[in-house]
Amino acid sequence: MEYDTLILGAGAAGLMCAAHAGGRCLVLDHAKAAGEKIRISGGGRCNFTNMYAEPGNFLSANPHFVKSALARYTQWDFLDLVNRHGIAWHEKTLGQLFCDGSAKQIVAMLMDEAAKADAAVWLEAGIVEVAQDDIGFLVVTERAGKRRTVRAQNLVIATGGKSIPKMGATGLAYDIAKQFGLSVTETRPGLVPLTFAEKRFAALAGLSLPAQVSAGGANFDEGLLFTHRGLSGPAILQASSYWHEGERITVNLLPSVDAFAALKAQRQAAGRRNLGTVLAQMMPARLADFIVQDWGLSGNLADQSDAALRDLANRLHDWDLLPAGSEGYRTAEVTLGGVDTAGLNSATMEAKTVQGLYFIGEAVDVTGWLGGFNFQWAWSSGWAAGTAI
Ligand code: FDA
């Protein structure tokens, strides 16, 4: 069977690419349904882009790599497509755009666009072998126990990263990249909850509050959530992408308060109050209790010297924590690292050394922040490859 373009992976990037590739185009995916990560994303409502998307929201060994694709297919272009399909949407917070109805509308929209472009999609199609000869690329695929060889001039790898193996995520893109002599940067889970030794925060599980979390030189002011295994919530997920095993993180529990000034004012106004009571006015009472125990605080405010209050305030603004690890690919929303951008053309996503071979989406060493940025990268890179073909 001969095609102009063969796309491996019917996820966000693969379907976007199929909608623009033109010619005879076939998409292969081993899953039962296309766009499964889109379907479950954003709590079923898909945070499909971000109004403020710009290159600074992406991590990559080469931070400039994303610029071309993001500038040529922007969040407004995708929003325009969503509007043309009559899908109602809203901004939740921080420029994050979600469907009013269901994420399934985004999957249906992409399938519709791919169908309009005459692209065929074969599901439950395993990839057995990928090769290249003088004529083009050859892919052996297996469906319902039957093997077929498909030929194509262009091969687009859109099989994503390793996050959530239960949903069919595999490292196929990295294997294919290596097979064709491209390098792959170190991969690790991103946008992932962090775990702590001895279930340190188990007593606080379920508690959330606004906080500022810092890791690896990046700071995020968003929600912090205590869990049975450690810490989660948007601020932690964001910071986790900048965190490496063995490194410490800091948490500012009172990002919008000058804790030293507040504690001093309280000492003057109500010096006989004990520290726990005062802290419970500044943060959830359960957390205040935990801090009193964990930090060994005792006594009344009046007993505290300026230096002691300064120390306490510094700790509240700069709580130094050592995560034991992360929850790993089991729950990570994305994979950091991937196909090295040094080997790809940033305008087309084509491999510099293998004509007709393209890598798009999460498989590439480009990872967005939480908030719709990862889908925007899938749309922009899928469009870049599709229109270049
Ligand atoms: P994607 O993973 O979408 O698609 C890859 C496809 O390749 C899949 O269909 C898979 O079955 C197929 N495949 C893999 N290996 C294969 C093999 N060996 N053979 C054949 N087929 C194979 N982002 C965002 O911007 N907003 C959000 O709201 C969310 N929410 C979210 C929630 C959860 C729970 C997760 C796990 C992730 C998110 N994300 C997100 C991230 C987002 O889902 C992700 O970045 C994109 O789906 C990446 O798109 P790709 O097309 O690159 O891969």
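In this predicted model, a backbone N or O atom of Gly 372 lies 3.5 Å from an oxygen atom of the ligand, and this pair of atoms is a convenient place to start. Two further residues meet the ligand through their backbones: a polar backbone atom of Ala 13 is 2.8 Å from an oxygen atom of the ligand, and for Phe 375 the distance between a polar backbone atom and a ligand oxygen is likewise 2.8 Å. Of the 1000 Å² of accessible area that the ligand has on its own, the protein covers 91%.

Which elements give two or more residues to the shell around the ligand? They are α1, which runs over residues 12–21, α2, which runs over residues 36–40, and α12, which runs over residues 373–388. Among these, α12 gives the most to the shell, with 3 residues. In total, 29 residues surround the ligand, and the closest are Ala 13, Asp 29, Thr 170, Glu 362 and Phe 375. Sorted by class, the shell around the ligand holds 12 nonpolar residues, 13 polar residues and 4 charged residues.

From the ligand, the reader can follow α1 to one of its neighbours, helix α5, which spans residues 104–116. The axes of α1 and α5 come within 7 Å and cross at roughly 30°. Angles under 35 degrees count as roughly parallel, and α1 and α5 are therefore roughly parallel to each other. In this arrangement α1 passes α5 in a left-handed crossing.

Two other pairs of helices can be read in the same manner. Helix α8, made of residues 259–270, packs with helix α11, made of residues 306–317, at an angle of about 135°, and their axes are 8 Å apart. That angle makes α8 oblique to α11, and α8 passes α11 in a right-handed crossing.

The remaining pair consists of helix α9, residues 275–282, and helix α10, residues 285–294, whose axes come within 8 Å and cross at roughly 140°. How are α9 and α10 oriented to each other, roughly parallel or oblique? Because only angles over 145 degrees count as roughly antiparallel, α9 and α10 are oblique to each other, and their crossing is right-handed.

Note on methods
Residues are numbered from 1 along each chain as its sequence is written. This is a predicted model: local features need pLDDT of at least 70, side-chain atom pairs count only at pLDDT 80 or more; totals for chains, interfaces and linings use all residues. Side-chain values use heavy atoms; hydrogens and water are left out. A residue is near a molecule or strand if one of its heavy atoms lies within 4 Å of it. A polar contact is a pair of N or O atoms within 3.5 Å; within protein, one must be able to donate a hydrogen and the other to accept it, and residues adjacent in sequence count only if both atoms are side-chain atoms. Accessible areas come from the Shrake-Rupley method with a 1.4 Å probe; for residues, only the protein chains shown count as cover. Helices (H or I, at least four residues) and strands (E, at least two) are DSSP runs, numbered from the N terminus. Ala, Val, Leu, Ile, Met, Phe, Trp, Tyr, Cys and Pro count as nonpolar, Asp, Glu, Lys and Arg as charged, and the others, Gly among them, as polar. Axes are lines fitted to C-alpha atoms, for helices over the stretch in contact, and angles run from 0 to 180 degrees between N-to-C directions. Angles under 35 degrees count as roughly parallel, over 145 as roughly antiparallel, 65 to 115 as roughly perpendicular and the rest as oblique. A crossing is left-handed if the near helix is turned anticlockwise from the far one by less than a right angle, and right-handed if clockwise.
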